[in-house]
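Subject: Structure for your review

Dear colleague,

Please find below the structure that I am handing over to you. I would be grateful if you could keep it open while reading the notes that come after it.

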Amino acid sequence: MRTVHHLPPELSSFVGRAPELAAVAAAVAPGRLLTLAGPGGCGKTRLAIRVATAGAAVPWADGVWWVDLAGEAMGGDPGRVARIVADRLGVLLAGGDRARPGGRADGDLAGGDRAGVALADALRDRALLVVLDNCEHLLTELAPVVAAVLGSCPGVGLLATSRAPLGVAGERVWRVPPMSLADALDLFLVRAGHDDPAGPGVTGPDRTRTDARRVCDRLDRLPLALELAAAWAGTLSPAQLADSLADPFPLLSGGPRTAPFRQRTLADSMGWSHGLLEPDERTLFRRLAVFEPGFAATEVVALAGFGDLTAGRVLPALRGLIDKSLVVADTTGPVARYRMLGVVRSYALGKLAEAGEVDDARDRHLALYLALAEGAAPLLDTDKDAWRARIGAEYPNLRAALDHGLTRPDPEEGRRLAVAVAWLWHLENRGHEGLGLLRTALSRGDGQPGALRARLLVALALVADTTDPHLDGYAAADHGAAMAEEFGDPATARLGRALGAVGAVGRGLDEARAAAERTAGEARAAGDAFVAEACAVLLGVIHVFRDEYAAARTVLAPAVAGLLARGDRAVAVTGMSWLAVAHARTGDLSGAADLAERAVAAARPLHDVHRLGTALGTLAEIRGLQGRLADAVAALDPIERLGDPGSFVPGWERTAGLVALWGGDPARAVDRCRREAATEDGLRPDTQLVLGTALRLTGDGAGAARLLARAEEVARMADMPRVLAAALAERAELVAEADPAGALDLQHEALRLRDGHGLVLDCVDSLEALARLAARRPAPDIAAVLSGAADRVRSDTGYAARTVSDPGPGNASPTVAGGETGGATRPEAGSAARPEAGGGAGPDAGGVPHAKARSGTGDAYARGAAMTLAEAVAYAARARGPRQRPDSGWGSLTPTETSVVELAVEGLSNPEIAARLFMSRSTVKTHLAHVYEKLGVANRTELASAAARRATP
């Protein structure tokens with residue numbers, strides 16, 4: 001049987017709401033009451049029409065009927081509602097005091113109940129769906145009528161729309177949510193005429209959709225508000241409209257003249273809801289306006305329970321506002337949370353201003369959240385995860401309280417709140433906002449020394465440490481620590497000194513180490529576990545900078561464990577990232593990868609790009625070293641999507657450049673490395689090395705030489721043996737063709753430095769570089785032994801092999817300031833120089849000869865593969881053979897020294913010689929010093945004379 005619908009027409013297209021339609025249609029059934037509840041303008045009526053028209057799953061033999069109660073006045077005859085419903089349904093109500101089945105007479109019932117019983121009698125044998133629209137103002141009269149129908153009419157289904165539930169036994173309330181963002185965009189754009197409503201979907205231009213999204217967000221995706229906003233499409237662009245909606249009520253007027261009065265403007269709709277409130281509900285409604293979205297019942301009672309609204313009456317009033325859809329409740333967590341939609345809150349703020357309570361309410365709000373933040377402070381020492389969850393949940397309100405507190409005539413409470421929130425700005429991705437507020441808090445003081453000013457200075461340093469370490473944050477730490485000590489706050493003083501030790505790294509590692517050791521000792525004596533372990537992490541990082549990996553592992557491992565146990569994720573992530581580096585560089589790639597994965601997992605809950613980027617960058621590099629290039633790219637992806645990662649993750653561009661090199665794209669590597677600083681001289685030494693490698697592979701030997709010279713110079717001055725070795729090894733690649741003997745010297749010096757500092761992976765690169773040079777001599781057996789030894793270490797460590805045309809080392813370092821790395825290579829599957837496997841190129845190409853092309857190389861490779869790394873390094877030194885040069889005279893000069901002499905005699909300056917020979921100026925200076933000593937001359941003039949005499953027959 002075809003169901004007959006007695007429904008109002010839909011005068012405009014229905015947009016979206018597919019999940020809601022399905023859910024509501026499934027819940028409508030005979031003998032049941034479903035109430036669609038929600039604030040004015042959320043789309044209850046349109047949803048009910050659409051469900052009644054097409055979505056109901058049950059065929060209704062007696063039709064679907066619409067009863068619009070919007071125009072009915074409140075109060076009056078208690079039987080009026082039943083008669084209205086009967087009239088709309090076209091049924092007659094029986095009169096008189098006749099007895100009902102069960103023995104009760106109509107005379108025993110009130111008027112409304114008696115009319116409800118009569119309606120139920122009329123519908124007892126019917127099978128129909130009745131839609132009761134706009135019920136909120138008639139709840140008292142409607143409830144007994146609905147109860148009577150539900151109790152006696154099993155074939156009648158009821159679907160109601162109301163701003164509050166009907167309050168009838170058996171009622172199921174379905175809260176109508178705001179539209180999804182996609183549906184809201186479609187609705188606004190269709191109504192604004194930016195898209196074809198008849199089309200398969202809305203696909204407005206990108207800019208239009210971006211501006212339309214701002215409109216949707218400003219209006220909480222409420223359909224009525226969006227419809228009213230779309231009416232301005234002929235006057236304002238979507239961008240102008242979004243900008244104008246900070247206060248939505250003046251603009252969103254002028255709805256259709258035929259619409260119900262409460263839907264002609266947004267203010268009308270809100271005014272209708274407000275008029276239905278009880279006195280306590282109205283008072284609470286306006287006072288809740290000072291809360292940002294997301295507040296709990298305890299805060300509501302503390303803030304709103306004063307004056308004519310006592311504390312004991314607050315929760316019943318809150319329940320009333322929830323029932324009337326003016327407050328949204330989320331009861332899914334351990335503590336219920338509440339919020340007002342933005343347009344509702346804007347209306348409530350107006351009512352708060354009308355009542356003259358704005359200043360009082362905002363002062364109470366500030367005091368409430370200051371007490372909350374300072375009361376949570378002990379968790380910072382015992383469980384930072386719990387502290388972060390507590391303060392993070394309240395951050396919107398804390399932020400609003402801060403804004404108010406810092407603008408009051410007496411800003412002390414606001415300044416105290418800035419200190420209390422500082423750790424959240426340090427831990428999560430809110431640092432720039434925090435720095436601005438802390439600067440404001442400092443400026444609102446009188447500038448005189450004091451305990452609060454000391455805490456603000458240290459808080460500024462704490463936030464700057466992870467947000468913008470180029471600021472004067474570390475100077476603020478030193479100043480704040482001294483001031484805190486003076487005013488009797490040793491805890492703040494210790495934290496300030498720990499931050500100052502981090503800043504001291506830029507002045508020298510010895511100074512930083514001394515400061516960290518001193519502060520760690522003070523912290524341990526005071527039982528300050530966080531500062532002690534944070535200083536231990538800094539000491540571990542300094543050990544890594546100095547290539548002291550055993551010491552780094554010894555210090556970092558227990559510090560990380562202690563930090564994680566207390567929820568100190570942020571510093572723990574830094575510690576784990578550098579601990580992963582220490583494991584990787586000493587050959588434990590499996591352990592390094594595990595640590596890096598743990599660092600990523602620890603960083604994710606912080607939503608802090610700096611910490612997460614540090615961990616992901618380390619993981620990407622380690623995966624690349626293992627030959628898992630796809631995994632390396634995937635690790636970088638979350639941060640790469642943010643646009644300009646290098647601006648908030650120091651060292652990120654070097655990591656991205658390294659991964660580009662591994663992917664065979666040196667041109668991209670050049671571009672990424674150069675993004676790190678305005679000039680190449682401003683790049684970190686490790687980035688200069690990666691860029692130098694990339695330039696060489698793109699054919700820019702002169703540019704590569706310039707960068708390598710700079711990196712070598714810095715490494716010698718700063719005592720960075722790993723960077724120095726990498727620079728020497730890469731320079732050897734530059735001069736290998738023109739000066740093989742000089743390249744051999746450089747590679748042996750690089751291997752000596754690497755072996756002396758336990759750089760296992762770098763030693764593998766050196767062995768393979770020496771194997772390539774041996775193949776050129778040619779010395780195939782030596783090349784095969786070294787290649788076999790390198791492959792053995794690769795197999796033991798999981799260090800991926802590389803093509804022989806690419807340079808060595810590419811060890812991991814975290815993407816934080818001060819990280820160091822050598823050159824870069826592209827991981828490949830299998831060995832680059834396994835003769836028996838057919839790997840490696842012929843001697844003319846600079847590779848190790850094939851096993852079948854040189855007798856004995858197969859056995860030689862096997863001998864190498866049986867060696868330990870220490871044995872292989874010793875073999876490489878022996879295979880070099882004794883030098884056949886005298887100790888003095890022209891014959892004692894190395895090929896490189898001879899080249900330096902020739903250019904010096906030609907009149908080239910040290911910088912010019914450095915550029916010509918691909919070395920640093922300091923290296924030229926060192927070579928000249930050796931030459932002077934060997935030839936017994938004192939300066940360039942005497943050197944030129946000696947060279948002239950030697951040239952004369």
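The notes below concern one strand, its neighbours and the cysteines. Please bear in mind that the model is predicted.

I begin with strand S4, which spans residues 128–133. The strand is mostly covered, as six of its six residues are buried. In a regular strand, the side chains alternate between the two faces of the sheet. In S4, Leu 128, Val 130 and Leu 132 point one way, while Leu 129, Val 131 and Asp 133 point the other way. All of these residues are buried, Asp 133 included.

Which strands pair with S4? Strand S3 (residues 64–68) runs parallel to S4 and is joined to it by five bridges. Within this pairing, Val 64 of S3 is found opposite Leu 129 of S4. Strand S5 (residues 156–162) also pairs with S4 in the parallel sense, over five bridges. Here Val 130 has Leu 158 as its bridge partner in S5.

Helix H5 (residues 139–152) belongs to the picture as well: together with S4 and S5, the helix makes a right-handed β-α-β unit.

Finally, I turn to the cysteines. A disulfide is a covalent bond between the sulfur atoms of two cysteines. How many disulfides does a search of the whole structure find? The search finds zero. Two cysteines may be located in the model: Cys 153 counts as buried because its relative accessibility is 1%, and Cys 673 is likewise buried, with a relative accessible area of 0%.

Yours sincerely,
A colleague

Methods:
Residues numbered from 1 in each chain as written. Predicted model: local features only at pLDDT ≥ 70, side-chain atom pairs only at ≥ 80, totals over all residues. Heavy atoms only, no water. Buried < 20%, exposed > 50% of the residue type's maximum accessible area, 1.4 Å probe, protein only. Helix = DSSP H or I, 4+ residues; strand = E, 2+ residues; numbered from the N terminus. Pairing = 2+ DSSP bridges. Right-handed = clockwise from strand over helix to strand, strands pointing away. Disulfide = S-S within 2.5 Å.
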